[in-house]
Amino acid sequence: MALISINHHTKTLGKHHSFKVILPEEDAQYNTGKEVPLLKSVMILHGLSNDDTVYTRYTNIERFANEARIAVIMPSADHSFYLNMAHGHSYYDYILEVHDYARQILPLSKKREDNFIAGHSMGGYGTIKAAFTEGDRFQKACFMSSAANFQNLLDYDWFDFSGSAIIGDRESIEGTEFDLKFLVNRALAEEYTVPELYMMCGTEDVLYPDNLEFKSFLEEKGIPLKYEDGPGDHDWDYWNTGIEKAIQWFVE
């Protein structure tokens, strides 16, 4: 199992930036006479207080990935909610750039059926956005403990977090690119490709009510959904178990 840190000059952000990759090792990688098989991969999006290292530090993601023979791509997106910020960087465009860049330089399959996305909390929000805007890229999407109602978090009191830096001067995100329900409705109206979806949240999680409401919204829209809840808080015990389940589901 290789753990790789890639620092590259991203054209989207206009600066050097890093992302991490977990790459299962294959015999062919050590034999120049053999063709290296292309791996399935999942992009995992971190939460608000995290970065590209956090899944390797707080979960058993390397072991899960090795057992499933799947590569893992972990970008870093600051406090952006994986959005193109009104006053900041275009982090949504950036994660799509990383998705494409990694497939150009690493032995990763470009087939939609071999590409997945997952995330928790802020990363769950980013995963939902990607699922309903970039479904042609991803076969499956798993979102855990998601910040499913961004409107409720615009004034969230967290170190150096600013909702207005993301959305600008507007007071409401309803009907905009920041509104997940708007993205779902647009995807249905314009017949976008939507990945298979897996949603999970712990019943003790502070975001559980928002997740239940969003689950009901998806069901009302007739969108197929694998859903799971049960005991669990907004913490790494829950996400460690959750990402293992997600990876197993990706490679079924």
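**Pockets and helix packing in a predicted model**

The lining of the largest pocket divides into twelve nonpolar residues, six polar residues and no charged ones. This description rests on a predicted model, and the pocket in question has a computed volume of about 330 Å³. Its lining is made up of 18 residues, and those that lie nearest the centre of the pocket are Leu48, Ser49, Ser121, Tyr156 and His234.

The second largest pocket holds about 210 Å³ of space, and of the 14 residues that line this pocket, Ala148, Asn149, Asp179, Leu180 and Lys181 are the closest to its centre. Here the lining does include charged residues, since by class it has seven nonpolar, two polar and five charged members. Two helices, helix 6 and helix 7, each supply at least two residues of this lining, and the largest share, three residues, comes from helix 7.

These two helices also pack against each other, and their contact is a natural place to continue. The axes of helix 6, which spans residues 180–189, and helix 7, which spans residues 208–220, come within 11 Å and cross at roughly 15°. An angle under 35 degrees counts as roughly parallel, and therefore helix 6 is roughly parallel to helix 7. The crossing in which helix 6 passes helix 7 is right-handed. On the side of helix 6 the contact is made by Leu180, Lys181, Val184 and Asn185, while helix 7 contributes Glu213, Phe214, Phe217 and Leu218. By class, the residues of this contact divide into five nonpolar, one polar and two charged. Leu180 and Lys181, named here in the contact with helix 7, were also named among the residues closest to the centre of the second largest pocket.

Helix 6 has a further partner in helix 4, which covers residues 122–133, and the two pack at an angle of about 20° with their axes 9 Å apart. Helix 4 and helix 6 are therefore roughly parallel to each other, and helix 4 passes helix 6 in a left-handed crossing. From helix 4, the residues Tyr125, Ile128, Lys129, Phe132 and Thr133 meet Leu180, Leu183, Val184, Arg186 and Ala187 of helix 6. The class composition of this contact is seven nonpolar, one polar and two charged residues. Leu180 and Val184 thus take part in the contact with helix 4 and also in the contact with helix 7.

A further packing pair is formed by helix 2, residues 61–68, and helix 8, residues 236–250, whose axes come within 10 Å and cross at roughly 15°. That angle makes helix 2 roughly parallel to helix 8, and the crossing of helix 2 and helix 8 is right-handed. In this contact, Ile61, Phe64, Ala65 and Ala68 of helix 2 meet Asn240, Ile243, Glu244 and Ile247 of helix 8. The residues involved divide into six nonpolar, one polar and one charged.

Notes: Residues are numbered from 1 along each chain as its sequence is written. This is a predicted model: local features need pLDDT of at least 70, side-chain atom pairs count only at pLDDT 80 or more; totals for chains, interfaces and linings use all residues. Side-chain values use heavy atoms; hydrogens and water are left out. Axes are lines fitted to C-alpha atoms, for helices over the stretch in contact, and angles run from 0 to 180 degrees between N-to-C directions. Helices (H or I, at least four residues) and strands (E, at least two) are DSSP runs, numbered from the N terminus. Angles under 35 degrees count as roughly parallel, over 145 as roughly antiparallel, 65 to 115 as roughly perpendicular and the rest as oblique. A crossing is left-handed if the near helix is turned anticlockwise from the far one by less than a right angle, and right-handed if clockwise. Contact means heavy atoms within 4.5 Å. Ala, Val, Leu, Ile, Met, Phe, Trp, Tyr, Cys and Pro count as nonpolar, Asp, Glu, Lys and Arg as charged, and the others, Gly among them, as polar. On a 1 Å grid over the protein atoms alone, a cavity is a set of points where a 1.4 Å probe fits but cannot get out, and a pocket is an open set with protein on both sides within 12 Å along at least five of seven lines; lining residues have an atom within 4 Å of a point. Grid points are joined across faces, edges and corners, and a volume is the space filled by probe spheres set on the points.
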